[in-house]
Amino acid sequence: MSQPGPLREIGHSVERKDGVAKVTGRAQYLDDLVISGAVYAAIVRSPYAHARILSVERAAAAAVPGVVAALAAADLGALGERPFGTFLKDQRVLARDKARYEGEPVAVVVAEDPATAARAASLVDVAYEPLPPVIDVVRAREPGATLVHDTPPALGRQGRWPTVPGTNVCARVAIEQGDVEQGFRDADVVLERTYTFPRVFHYTLEPHGAVASATPDELTVWTNTGHPYQLRQELADMFELDLARIRIVVPYVGGSFGGKSFPKLEPLAAVLSATVGRPVKVLNGVEGSMRINRRHGARVTLRVGARRDGTLTAKHARVLLDGGAYADLGPVVTEKTSVRLLGPYRVPHYSIQVENVYTTTTPAGAFRSIGGPQSVWATESIMDELAAALDMDPVELRLHNLVSRGESVRPGLRPMDADLGDDLKRLGKAMDEAHAPEAAGRGVAVGISNPAELPISTAIVRLHYDGSATVLCSMVEVGQGLHTVLAQIVAEELSVPRAAVVVVSPDTRVGPYDWSSGASRGVTIVGTAVQRAAQDVRAQLLALAAEVAGVPAAEVAWRDGAVHVGERRVAPAQVIREWYGRPAGEVIGRGYVRNLGRDPAFWEIGMGGAEIAVDRDTGVIQLLSYTGLADVGRAINPQLCEQQDVGAIVMGLGHTLFEEMAYSESGSLLNPSMIEYRVPLVTDLPATLHAVLVENGDGAGPYGAKGMGEGGNLAVAPAIANALARATGVRIRDLPLTPERVWTALREAAARPARP
Amino acid sequence: MTARQITLDTTVNGRALSLSVEPEALLLDVLRERLGLTGSKRSCDVQVCGACTVLLDGLPVSACSVLAYEARGRRVLTIEGLARDERLHPVQEAFLATAGFQCGFCTPGMIMAVKALLDDSPSATPEDVREHLRGNICRCTGYASILAAVAVAQRALADGAAG
């Protein structure tokens with residue numbers, strides 16, 4: 001049917017589809033939408049990390065002019081009692097009997113305008129009986145620890161991992177191979193080290209929000225979610241409505257990074273609308289968003305064994321993830337962490353156990369490579385420690401152990417689909433080119449992750465009789481450039497101008513099913529669905545052209561971007577006009593994806609190398625150069641790929657150098673605003689920062705593409721800590737590498753007698 | 001809405017306006033809610049992120065932390081006022097050329113901050129640019145494409161593009 005020709009659209013850094021809207025301020029985000037008749041909610045939050053709720057006095061708030069309702073969980077009827085959660089049904093829209101973290105919504109005031117709602121919310125008087133907070137994951141796992149959840153929650157629709165009753169374990173995953181103790185007996189060197197990774201906040205510039213309008217037989221939610229279809233299912237369960245009666249509309253989204261995955265404020269907005277009978281707008285600001293979601297903190301104890309020549313023989317890992325008060329995606333993070341801890345190396349014997357632990361802190365969920373940066377921080381730090389113990393070059397040690405293309409990483413998963421050794425050497429060369437003469441130390445790290453599981457997506461491409469095309473799909477453009485790349489794919493497949501391709505933002509009433517926005521799955525999975533839909537359009541055009549010409553199907557072909565009936569060339573839109581007999585109608589193509597071979601659809605490769613200098617008087621690490629490497633298979637839009645990687649690297653600088661949600665012993669968030677919570681600024685950029693894209697055309701996605709976007713932040717922390725160790729001899733195993741931590745470690749090292 | 005309203009005479013994007021506002025009304029709320037100028041974004045609420053940056057008599061301010069009344073008798077320029085007759089400002093063109101944005105939520109404020117800088121010092125050095133943009137957070141791009149956009153805009157303005 002089709003003859004491959006040179007690609008016109010693919011591989012070019014074309015201008016973004018959303019560019020003009022975004023640089024003119026015309027792009028409309030959730031808070032810019034006008035929903036007529038909407039009232040506004042203000043949330044009353046628990047000031048305690050853990051407390052029984054004795055009473056909620058709301059009459060004074062309800063009496064304020066302009067207030068529509070002042071509501072506690074008890075006012076919400078069955079909807080207030082119904083738990084939600086995609087993996088564990090452990091959360092309710094308002095805390096009922098007890099609050100499980102500081103900032104948990106306990107009551108809500110709904111009013112005609114936001115200022116009135118906020119003023120009245122301050123009049124809601126909640127009586128609490130404080131309970132012991134559960135802040136530290138190690139103590140949370142001790143026998144007799146205070147339980148965050150007194151009764152085990154039921155599994156959610158996608159749940160596979162139950163809680164461990166009588167403990168704070170939200171999910172536990174263990175994987176093993178061989179005989180790990182035999183592996184350690186085979187080793188000449190065994191190291192055991194513990195690394196910690198902080199709780200960090202996504203800080204999407206746009207805070208979470210939702211506007212809901214509930215009627216008895218239909219529910220519409222406008223939201224900045226990344227997961228319209230997962231959300232549809234949650235709300236269908238909660239409201240006992242058919243899927244077709246739930247409408248999720250997603251406007252422009254101001255960043256997600258996973259933080260807007262799965263239900264967030266949408267269930268609350270929907271229940272409030274059902275309760276007050278009006279559309280309800282719930283926006284909670286950035287400080288509210290710090291009470292919605294974060295990345296899992298981690299404590300990773302690793303034991304590795306190696307022979308004298310560097311050959312790894314065994315790996316043993318025990319990991320506690322700090323999951324916060326509710327499961328969210330935590331069980332999946334637990335499972336992913338177990339695999340991501342294996343690293344890209346041949347390890348004959350391993351035993352890995354990961355526990356996600358409930359604590360009375362902001363719930364943890366999805367965040368750009370779930371469990372990835374935490375795992376790679378530990379595995380790539382210990383590789384350098386092992387190299388030092390073996391007196392080997394750290395790159396040589398890695399090259400000696402990296403799995404080859406086609407080799408198994410873990411039984412049951414796709415064999416390695418990249419040339420890791422070549423990539424690592426290429427990274428080294430790029431680092432040499434970026435070399436800063438004043439560098440005191442250089443470090444590298446290699447991250448791999450298994451993204452893009454559950455490759456379920458559908459797409460519709462409508463070719464109109466003027467030659468323009470509408471693309472319907474439901475993965476969310478959160479800034480990654482998805483719509484631009486999808487337009488490139490459709491323009492390529494149908495030979496229509498890219499400018500004539502419109503990609504529609506998700507609305508579950510019209511856009512077809514997609515599993516999720518995340519896991520670096522856009523190009524490979526959604527891109528494949530869209531490509532198949534465009535190819536379906538092409539196949540139908542051929543059939544229509546044959547019918548119009550009255551010739552057998554064998555006499556029509558797609559060539560050079562057009563239908564050919566014999567030697568006659570017919571443009572795609574002309575086929576439509578001829579078949580309908582007038583300028584009317586359209587051809588509708590569909591694309592379904594249910595798998596792309598074995599999971600994962602591809603291995604995401606994120607390598608990085610850093611050069612640093614250290615100010616020994618202050619402990620400040622100065623990052624001089626950073627080079628990232630991503631294996632993207634084929635870059636459909638190289639500029640967007642590079643920008644994804646650079647963005648991920650700079651985001652990684654945050655958890656490496658300064659980001660941490662700090663909690664007091666009593667469970668109060670100590671840095672609850674963007675004044676105290678420090679993210680990377682433009683002044684934190686190294687003088688040299690670039691990303692190498694590896695393109696072997698070997699991905700499972702369109703034109704050989706693989707996904708990317710998460711991998712860039714995997715290597716940042718260990719690469720910098722490894723550089724620090726090389727520069728100073730000091731090994732720090734706790735993030736972030738703050739000046740205080742570095743300075744203290746340097747002082748302690750100076751005070752220790754030199755080792756013989 | 002209440003008796004406490006005051007009159008605010010100001011100029012927004014070249015249009016003279018006389019508005020009744022509450023004394024404590026923030027400039028950002030008046031722009032977004034009263035005037036429908038939703039290009040200026042609300043994010044951190046504490047004058048750290050720069051997403052709400054607008055120009056007050058040419059100087060960048062965080063509209064989330066400025067009283068609307070402070071705009072009395074002054075000229076406010078928002079992202080909506082930057083393009084003239086659908087012709088984009090060179091700074092906007094530069095952000096398009098380098099794709100100096102991803103999610104776009106910081107972009108209006110970022111562009112206004114860059115315009116303020118280049119109006120004041122067209123040949124700002126890369127160090128000046130970084131120092132000036134410390135008050136504008138972008139969580140997506142890693143800033144590199146934004147710095148590239150500033151350089152492109154500087155060249156275009158030096159070559160005589162209408163700023």
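Helices (H or I, at least four residues) and strands (E, at least two) are DSSP runs, numbered from the N terminus. With that in hand, D560(A) can be placed in the loop between β22 (556–559) and β23 (562–565) of chain A. Phi of D560(A) is near 50°, a positive value in a residue other than glycine. The residue is also exposed, at a relative accessible area of 66%; here exposed means over 50% relative accessible area, buried under 20%, and partly exposed in between, with a 1.4 Å probe and protein chains only.

Some ground rules come next. This is a predicted model, in which local features need pLDDT of at least 70 and side-chain atom pairs count only at pLDDT 80 or more, while totals for chains, interfaces and linings use all residues. Residues are numbered from 1 along each chain as its sequence is written, chains are lettered from A and ligands numbered from 1 in the order in which they are written, and side-chain values use heavy atoms, with hydrogens and water left out.

Chain A comes with 19 helices and 28 strands. Its C-alpha atoms fill a box of roughly 90 × 70 × 45 Å along the principal axes. The radius of gyration, taken over C-alpha atoms, can be set against a globule rule of 2.2 Å times the number of residues to the power 0.38. For 756 residues, a compact globule would come out near 27 Å, and chain A has 27 Å, which agrees. Of those 756 residues, 64% count as buried. Contact means heavy atoms within 4.5 Å, and among the contacts in chain A with a separation of 6 or more, 80% join residues 24 or more positions apart.

On the outside, chain A has an accessible surface of about 26,100 Å², and carbon and sulfur atoms account for 50% of it. Such areas come from the Shrake-Rupley method with a 1.4 Å probe; for residues, only the protein chains shown count as cover. As for charge, Lys and Arg count as positive and Asp and Glu as negative, with His and the chain ends not counted. Each charge is placed at NZ of Lys, CZ of Arg, CG of Asp or CD of Glu. Chain A has 76 positive and 86 negative charges, and their mean positions are 2 Å apart.

What about the inside? A nonpolar core is a set of buried Ala, Val, Leu, Ile, Met, Phe, Trp, Tyr and Cys residues joined through side-chain atoms within 4.5 Å. The largest one has 149 residues, and Y203(A) and L737(A) touch the most other members. Leaving aside residues up to four places away in sequence, the partners of L737(A) include W377(A), I621(A), I720(A) and V742(A). A second, separate core has 47 residues, among them V503(A), A533(A), W558(A) and Y703(A).

Two cis peptide bonds turn up in loops of chain A. One runs from L735(A) to P736(A), with omega near -5°, and P736(A) sits between α18 (716–728) and α19 (739–751). The other goes from D599(A) to P600(A), with omega near -15°; P600(A) lies between β25 (586–593) and β26 (604–615).

Chain B has five helices and five strands, arranged along the sequence as β-β-α-β-β-β-α-α-α-α. Its radius of gyration is 16 Å, close to the 15 Å that the globule rule gives for 163 residues, so chain B is as compact as a globular protein of that length. The C-alpha trace spans about 50 × 30 × 25 Å along its principal axes, and 52% of the 163 residues count as buried. Residues 24 or more positions apart supply 55% of the contacts with a separation of 6 or more.

Helix α1 (residues 27–34) of chain B has L27(B), L28(B), V30(B), L31(B) and R32(B) as its buried residues. These pack against β1 (6–12), β2 (15–21), β3 (53–56) and β5 of chain B. After α1(B) comes G36(B), with a positive phi near 70°.

The loop between β5 and α2 of chain B holds L82(B), which counts as buried at 4% relative accessibility. Not counting residues up to four places away in sequence, L82(B) touches L77(B), H89(B), Q92(B), I111(B), M112(B) and K115(B). L82(B) and I111(B) are 29 residues apart in sequence and 9.4 Å apart in space, C-alpha to C-alpha. E86(B) is in the loop between β5 (75–77) and α2 (90–98), but counts as exposed at 64% relative accessibility. Phi of E86(B) is near 70°, again positive in a residue other than glycine.
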